[in-house]
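Me: I should like to ask how the terms used for this structure are justified. Please set each value against its definition.

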Amino acid sequence: MMRSRGFAVHSFVFWVLLMGVPALGQEQQKHLQSERISGSAGDVLEDDPVGRLKVFIYELPSKYNKKILAKDPRCLTHMFATEIFMHRFLLSSPVRTLNPEEADWFYTPVYTTCDLTPNGLPLPFKSPRMMRSAIQYISTNWPYWNRTEGADHFFVVPHDFGACFHYQEEKAIERGILPLLQRATLVQTFGQRYHVCLKEGSITVPPYAPPQKMQAHLIPPSTPRSIFVYFRGLFYDVGNDPEGGYYARGARASVWENFKDNPLFDISTEHPATYYEDMQRAVFCLCPLGWAPWSPRLVEGVIFGCIPVIIADDIVLPFADAIPWEEIGVFVEEKDVPRLDSILTSIPPEVILRKQRLLANPAMKQAMLFPQPAQPGDAFHQILNGLARKLPHDSGVYLKQNQKLLNWTAGPVGDLKPW
Ligand SMILES: *[C@@H]1O[C@H](CO)[C@@H](O)[C@H](O)[C@H]1NC(C)=O
Ligand SMILES: *[C@@H]1O[C@H](CO)[C@@H](O)[C@H](O)[C@H]1NC(C)=O
């Protein structure tokens, strides 16, 4: 078990920095909390999607969704649960249309990540066959798929590497995006520039984090942030990585090796029961890449007002067109991890306070969550905004008579087997 030494404040500068907000008078604090963060700098882009798009939901046999969920209700709480909640949300959303002729977007409710190991890890091995089968079903029962070969269809594919359907990056890259989805819009958690598993026009969303559970762990916002840097998670993954466990392109190992004895760093593999509370007592929360560039820490950082320190080169963050990540987070290049201490300690207190203030904006938190029932400005809302911004469809998406662009037999032979 790894555990760094307890946190101790050594310099006056840190003391001021950490105690800055709680040390303010009540009036000032109130002012800080109610201050409207004005202009586009720092605010969440607020659009109302209702009236700007119409979505038709295909009715699929329950073996593609409800039956799978009934077999394993744990699918409702893991970080890929977005695919289920998005379905439920759309069924009662005002953007839904029952008339496919007037739809701008078509949605196929297929739960591809709800195949869990006994330990609760989602396995994507059956996903390609299942997805092919669902597309076969909609393309034979309705005329809309063939019209565009999916270019006006969107799919929620929240797995590690989206529609590449593998949890190991090398394998995911080798597979590439499922050929049948190459014209569709993908709503996915995976986001990294210049990567075969992120195609242009995809919508990157936050991973699912349970809103009620997080809510239940809130502590008074005036609690001092007495931890400078906080992180809980693996540094090495010896079990899954044959090369000494140096996964995450070595970034996590580097965090541990450089800062395990640094008193400013409260880092450990141990996941305490007070994890959520601890994040509310911390100034910075590390969000290094793992097997994929993203993790739920990003959402947790925003919800708990802990400035996310994003260590994942070329990451594409959720709703990057609506959320000012540069303003609320700190970006550290993977190669600069050994300098993490000096990078973070040299950030001026007023910059830290500004980031904390932006994080306190309820709109920011709302955009990271998939609450039930849905709420204005939540992540569902942001997804609809993303889809609305892609309208109207280019006339080029509609194929000519008998034109075919997709190859139904491309891809690994194993994927072609019936599901
Ligand atoms: C769509 O195209 C496929 C493959 O060409 C065909 O089998 C199917 O019947 C077509 N669907 C409709 C509704 O015409
Ligand atoms: C479709 O893909 C298969 C498998 O890669 C290939 O053999 C076939 O030639 C392709 N068909 C077309 C029309 O490109």
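Reply: Of the 107 residues in the largest nonpolar core, Phe 284, Cys 285, Val 309 and Ile 311 touch the most other members. The largest share of this core, six residues, comes from E9. The model is a predicted one, in which local features need pLDDT of at least 70 and side-chain atom pairs count only at pLDDT 80 or more, while totals for chains, interfaces and linings use all residues. Residues are numbered from 1 along each chain as its sequence is written, and chains are lettered from A and ligands numbered from 1 in the order in which they are written.

Me: What makes a set of residues a nonpolar core?

Reply: The term denotes buried Ala, Val, Leu, Ile, Met, Phe, Trp, Tyr and Cys residues joined through C-beta atoms within 7 Å. Contact likewise requires C-beta atoms, placed from the backbone, within 7 Å. Not counting residues up to four places away in sequence, Phe 284 touches Phe 228, Val 229, Cys 306, Ile 307, Val 309, Val 330 and Leu 344.

Me: Why is Phe 165 called buried or exposed?

Reply: A residue is buried if 20 or more other C-beta atoms lie within 10 Å of its own, exposed if 12 or fewer, and partly exposed in between, with C-beta atoms placed from the backbone. Phe 165 has 29 other C-beta atoms within 10 Å and is therefore buried.

Me: Why does Lys 67 count as buried or exposed?

Reply: Lys 67 has 12 C-beta neighbours inside 10 Å, so Lys 67 counts as exposed. This residue is found in helix H3 (residues 66–71); helices (H or I, at least four residues) and strands (E, at least two) are DSSP runs, numbered from the N terminus.

Me: Which class does Asp 314 fall into, and why?

Reply: Asp 314 counts as partly exposed because it has 14 C-beta neighbours inside 10 Å. Its place is in the loop between E10 and helix H12 (325–328), and its phi is positive, about 65°, although Asp 314 is not a glycine.

Me: What makes strand E9 and strand E10 a pair?

Reply: Two strands pair if DSSP finds at least two bridges between them. Strand E9 (residues 282–288) and strand E10 (residues 307–311) have five bridges, in the parallel sense. One of the bridge partners is Ile 310 in E10, opposite Cys 287.

Me: How do you know that helix H4 is mostly covered?

Reply: Seven of the ten residues of H4 (residues 82–91) are buried. They are Thr 82, Glu 83, Ile 84, Met 86, His 87, Phe 89 and Leu 90.

How values were computed:
Two residues are in contact if their C-beta atoms, placed from the backbone, lie within 7 Å.
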